[in-house]
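Here are some comments on the model you sent, set out as numbered points. They deal mainly with aromatic rings and their partners, and then turn to the fold as a whole.

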Amino acid sequence: MPRNAVTRFAPTPSGPLHVGHLLAALEARRVADELGGACLLRIEDIDLRARDPQWVELMHEDLAWLGLHFDGEVMYQTRRFDAYAAALEKLRGLGLLYPCFCNRGDIRAHVAESGRAPHATLGYLYPGTCKHLPPDEVQRRLQAGDAHCWRIDMERVQDIIGCPEWHDAYRGTQRCVPTEYGDVVLARKELPSSYHLAVVVDDAAQGVTHVTRGEDLFDATHIHRALQGVLGLPTPEYMHHALLRDNEGKRLAKRDGARSLQSLRQAGYSPRQVMDSLRAALQNGGIWVC
């Protein structure tokens, strides 16, 4: 791997940080340090649930308690709406976006009727209900203010970029087939960008060369590779690490408040104890005990 790598830790502040976040932060910092590069901090606060300032403040307190530091200026997604709008406009100019008026119930019903199984990690694949609506109906519904989101036509994406490759440090070279992941949502009325679009645009803007994140986002990387292709953005090296689990093999998640960094602090654990337990977990197949 090249020297002078740029990694990033990009939490969503919708609640207290937990040990899974800590693993992601440590991995990003480790790779940057090993390659003599920089580790950046990005606050992915584009979701309405992530805009409570108390969670951002608590996050900084937790990171400072653990002695974790980051390089450069902190990026906030809520300050980058113009960048996402420009990316959407480029995709629109390529004829890749279309409005979708379906709600989630409509999509589930169509999937059930067609006998298609839901995707293992990305939810129900969109069956394309609104892709071929007559132009006059689309215009009428838009002018009427009907609720809608904007989806990307992955068939056309694949026509443009084919099936490009990307590389994962732990799994080797991967082949992206855009159509396998359906026409994902890239923007809604209340959200100017989806996670998929924002993360691709932001990684490029920050010059990220190595993306370290949990293996639960492995499938999403295929979508990100497709977006990088049509937007003409660089593709980083990816490193999808194992997730932390309890003794029964259950994934540790944000909803498990007992493993929040705040709760560990309040219970009297020292930063060293938390770090040592995390390192032990990594050597024990991701099983975390503290």
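**Notes on ring contacts and overall build**

1. The charged end of Arg92 is placed over the ring of Trp150, at 4.7 Å from the ring centre. Since this is a predicted model, the distance is a computed value that belongs to the prediction.

2. A further arginine is set against a ring in a comparable description: Arg151 lies over the face of Tyr126, and here the distance to the ring centre is 3.8 Å.

3. Turning to ring pairs, the count of aromatic pairs comes to three, where a pair requires ring centres within 6.5 Å. One of them joins Trp166 and Phe218, whose ring centres are 5.3 Å apart and whose planes meet at 55°, a geometry that is classed as tilted. Because Trp166 belongs to strand S6 (residues 165–168) while Phe218 belongs to helix H8 (residues 218–231), this pair ties together parts of the chain that are 52 residues apart in sequence.

4. Are these two partners buried or exposed? Trp166 has a relative accessibility of 3% and therefore counts as buried, and Phe218, at 9% relative accessibility, is likewise counted as buried.

5. Trp166 also pairs with Tyr238, this time edge-to-face, with 5.5 Å from centre to centre and 80° between the planes. The pair links distant parts of the chain, with Trp166 in strand S6 and Tyr238 in strand S10 (residues 237–241), 72 residues apart. Tyr238 has a relative accessible area of 1%, so this residue is buried, the cut-off being under 20%.

6. Taken together, the ring pairs link Trp166, Phe218 and Tyr238 into a cluster. Trp166 takes part both in the tilted pair with Phe218 and in the edge-to-face pair with Tyr238, and strand S6 is thereby connected in this description to helix H8 and to strand S10.

7. As for the setting of these contacts, the protein contains 10 helices and 10 strands, and buried residues account for 47% of its 290 residues. Among contacts between residues at least 6 apart in sequence, 79% join residues that are at least 24 apart.

8. Finally, on the surface, the protein exposes about 14,000 Å², and carbon and sulfur atoms supply 49% of that area.

Definitions and conventions. Residues numbered from 1 in each chain as written. Predicted model: local features only at pLDDT ≥ 70, side-chain atom pairs only at ≥ 80, totals over all residues. Heavy atoms only, no water. Phe/Tyr/Trp six-rings, centres within 6.5 Å; stacked < 30°, edge-to-face > 60°. Helix = DSSP H or I, 4+ residues; strand = E, 2+ residues; numbered from the N terminus. Buried < 20%, exposed > 50% of the residue type's maximum accessible area, 1.4 Å probe, protein only. Lys NZ or Arg CZ within 6 Å of the ring centre and 35° of its normal. Contact = heavy atoms within 4.5 Å. Areas by Shrake-Rupley, 256 points an atom, 1.4 Å probe, with all protein chains shown as cover.
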